[in-house]
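Reader: I am new to this structure and would be grateful for a close look at a single part of it. Might the metal site be described, together with what surrounds it and what lies further along the chain?

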Amino acid sequence: MKRLRASLVLLATAFALVSCTTPVQPTRAELLVLISIDGFRWDYLQKYDAPTLKALAAGGVHATRLTPSFPSKTFPNHYTLVTGLYPAHHGIVSNWFYDPASGDTFGMSKPASNREERWWAAGEPVWITAEKQGVRSFCYFWPGSETENHGARPSRYKPFDNKVPAPQRVDELLGWLAGPAAERPRFCTLYFDLVDTIGHKYGPVAPETGAAVKEVDHNVARLLAGLTRLGLRDRTDLVIVSDHGMSEQGPDRVIFLEDLMKVSEVQVDSSGPVGGVRPKPGTITAAELAEQIRTKAPPQLHVWLRDESPARYHYRGNPRIPDVVLLADDHWNIESKVGWPNRMLTYSKGNHGWDPATPNMGALFLASGPSFRRGVEIPDVENIHLYNLLCAALGLKPAPNDGDDRLVRAALAQ
Ligand code: AMP
Ligand code: ZN
Ligand code: ZN
C-alpha cells in the first residue's frame, strides 16, 4: 500500500512536471520562424521580383494587407505584432518618446532603452509567453527581445546590430538551429532591415527598392535551403510579416512647427508624419495649445488632444503619448525650421508613420507550413491579431491582448 501510494505520488509529480513544461495542445510543426521584413509594403509582392515569398504566399495563407497600428513606425508595430497589444497598451508608443513618469526619453537606437525592462514591461511578447509555458524561443533580432520581461527572457537572443549582413543573419540562425535536438527552439525570430533602409533612401517605387526586395527574397530562400539541410523544412512553419509600408515624401510637402505655435512654449516630442508636443510648465494648457495649432493648421494637418484622437487609432490614455498629437496626410511631414536649409538637401524619398488605413502604409502577412491552410487569400487584417495566431500555432495559451481569433480561424489548418 505504502509502495502504491509512493508510486502514485511519483506519477502525480511527473504529470505535474510534464503539464507545466509542455504546450497546451499538440502542434503540427516542430519549429515556427517569424520573419520581419521591415518596411515591406503589401504590394511589393506583386510589384517586385520575389519568387520565394510569392511561392510561400501561394502555397499558404496570404493577407491582401496587414494593417499596422498607429503610429505606423517600426518599434510600436514590431511590439504589437508579438504582443497583440496596441502601442498605447504595450507602452512603446513611438520609436522615440518622452516618459513623464521618469522624465526619461526612450530611443530605438539607444542600447539602454532596448535593455531596460521598464520600457517594455506592459507587454508580454510571444517568446515570453512561450518560455513561461516551457517552450524554448530564440530571437535573432526583434525590438523588445533584449530585455528581461517579468523574470523571463528568450533562451537565446542577440543585441541588434544593423551591420550584420543578411546572409550572416540567416547562417547564424541556422547555426543556432543545428544544435542538439533538446536545445533546439520551438519558436524563433529573424529580422531584415534592408527593404526599409532602401525604401527610405529611394522611395517605394524605385529599381533600388526592387533590388532590395529581391535580395531579401534570396535570403529567405537561403533559410529554406538551410532548413532542408537540417531536415526541418517540412516540419517548419514560417510566418513572414512587415511592420508597415512606405510612401513617397519630399521637402516640398512640409508643415513647419514654427508656423503653428510659439515653439518656446512647448516641448517637441516628435516630428515627421506624426508630431507630438507638450506645453512647458507655466505656459498654456494643452487644450489652449491644441486650439492655437488648429487655427493655424493647413488642411493637410490634423490636431488632437491625446485622449481625443480618433477611437480607431486606439492611441489614448498613456502619458507617454504627447499631450497634443499632430498627424499629417500621406506624403506630408511636420518639421522644424531649425537647420532646415541643410536638412532639406538630404531629405529622404520614402517614409512611413502616417494613418495606418492609408493604402501605402499596408504591410505584409503570409504564413506557410504544416500548421496553416494552403492556397488561401484573406482580406485586410489588423496586426493586433497576429499574436493569437502565433500562440495557436505554438500550442500556447495567449496572455490577454487586444486581438481576437479572426486570424486563427482564417489561417490555422483545421
Ligand atoms: P524606422 O525609423 O521606423 O524606419 O526604423 C527602422 C530601423 O530600425 C531599421 O533600419 C533598424 O536599423 C532599426 N531597428 C530595427 N530593429 C531594431 C532593434 N531591435 N534594435 C534597434 N534598432 C532596430
Ligand atoms: Zn519599420
Ligand atoms: Zn523605416
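Author: What follows begins at a zinc ion and then moves outward to other parts of this predicted model.

The zinc ion (ligand 3) is coordinated by Asp 196, which appears twice through OD, by His 200 through NE2 and by His 352 through NE2, at 2.0 to 2.4 Å. Along the chain, these donors follow the spacing D-x3-H-x151-H. Asp 196 belongs to helix 10, residues 194–202, whereas His 352 sits in the loop between strand 17 (350–351) and strand 18 (365–368), so the pair ties together parts that are 156 residues apart in sequence. Both Asp 196 and His 352 are buried. A further zinc ion (ligand 2) is separated from the zinc ion (ligand 3) by 4.1 Å.

Helix 10 leads from the metal site to a helix pair. In general, two packed helices are described by the angle between their axes and the distance between the axes. The axes of helix 10 and helix 11 (residues 207–229) come within 9 Å and cross at roughly 175°. An angle over 145 degrees counts as roughly antiparallel, and helix 10 and helix 11 are therefore roughly antiparallel to each other. On the side of helix 10, the contact is made by Leu 194, Val 195, Ile 198, Gly 199 and Tyr 202; on the side of helix 11, it is made by Glu 208, Thr 209, Ala 212, Val 213, Glu 215 and Val 216. Sorted by class, this contact of helix 10 with helix 11 has 7 nonpolar, 2 polar and 2 charged residues.

One residue of that contact may be followed in more detail. Thr 209 is placed in helix 11. With a relative accessibility of 0%, Thr 209 counts as buried. Apart from neighbours within four places in sequence, Thr 209 is in contact with Ile 198, Gly 199, Tyr 202, Gly 203 and Pro 204, and also with Tyr 44 and Tyr 48.

Strand 18, named above as one end of the loop that holds His 352, also borders the loop in which Ser 371 is found, between strand 18 and strand 19 (376–378). Ser 371 is buried, its relative accessible area being 3%. Its side chain makes a polar contact, at 2.4 Å, with the side chain of Asp 237. Leaving aside neighbours within four places in sequence, the residues in contact with Ser 371 include Arg 28, Ala 29, Ala 393, Ala 411, Leu 412 and Ala 413.

Strand 2 (residues 61–63) is the place of His 62. His 62 is buried as well, with a relative accessible area of 6%. The side chain of His 62 makes a polar contact with the side chain of Glu 377, at 2.8 Å. With neighbours within four places in sequence set aside, the contacts of His 62 include Phe 365, Leu 366, Val 376, Glu 377 and Ile 378, as well as Leu 45, Gln 46 and Ala 57. From C-alpha to C-alpha, His 62 and Arg 343 are 39 Å apart in space, and they are 281 residues apart in sequence.

A second helix pair offers another angle. Helix 4 (74–83) and helix 14 (residues 386–394) pack at an angle of about 40°, with their axes 5 Å apart. That makes helix 4 oblique to helix 14. In this pair, Leu 81, Val 82 and Thr 83 in helix 4 meet Leu 386, Tyr 387 and Leu 390 in helix 14. The residues of this contact divide into 5 nonpolar, 1 polar and no charged.

Some points of the backbone remain to be described. Most residues other than glycine have a negative phi, and most peptide bonds are trans. Phe 70 and Pro 71, however, are joined by a cis peptide bond, with omega about -5°. Pro 71 is placed in the loop between strand 3 (66–67) and helix 4. Phe 141, although not a glycine, has a positive phi of about 70°. The loop between strand 6 (137–140) and strand 7 (156–157) holds Phe 141, and at 1% relative accessibility Phe 141 counts as buried. His 331, also a residue other than glycine, has a positive phi near 80°. The place of His 331 is in the loop between strand 15 (324–328) and strand 16 (333–335).

Notes:
Residues are numbered from 1 along each chain as its sequence is written. Chains are lettered from A and ligands numbered from 1 in the order in which they are written. Side-chain values use heavy atoms; hydrogens and water are left out. Donors are N, O and S atoms within 2.8 Å of the metal (3.2 Å for Na, K and Ca); water is not among the atoms, so sites may look incomplete. Helices (H or I, at least four residues) and strands (E, at least two) are DSSP runs, numbered from the N terminus. Buried means under 20% relative accessible area, exposed over 50%, partly exposed in between (1.4 Å probe, protein chains only). Axes are lines fitted to C-alpha atoms, for helices over the stretch in contact, and angles run from 0 to 180 degrees between N-to-C directions. Angles under 35 degrees count as roughly parallel, over 145 as roughly antiparallel, 65 to 115 as roughly perpendicular and the rest as oblique. Contact means heavy atoms within 4.5 Å. Ala, Val, Leu, Ile, Met, Phe, Trp, Tyr, Cys and Pro count as nonpolar, Asp, Glu, Lys and Arg as charged, and the others, Gly among them, as polar. A polar contact is a pair of N or O atoms within 3.5 Å; within protein, one must be able to donate a hydrogen and the other to accept it, and residues adjacent in sequence count only if both atoms are side-chain atoms.
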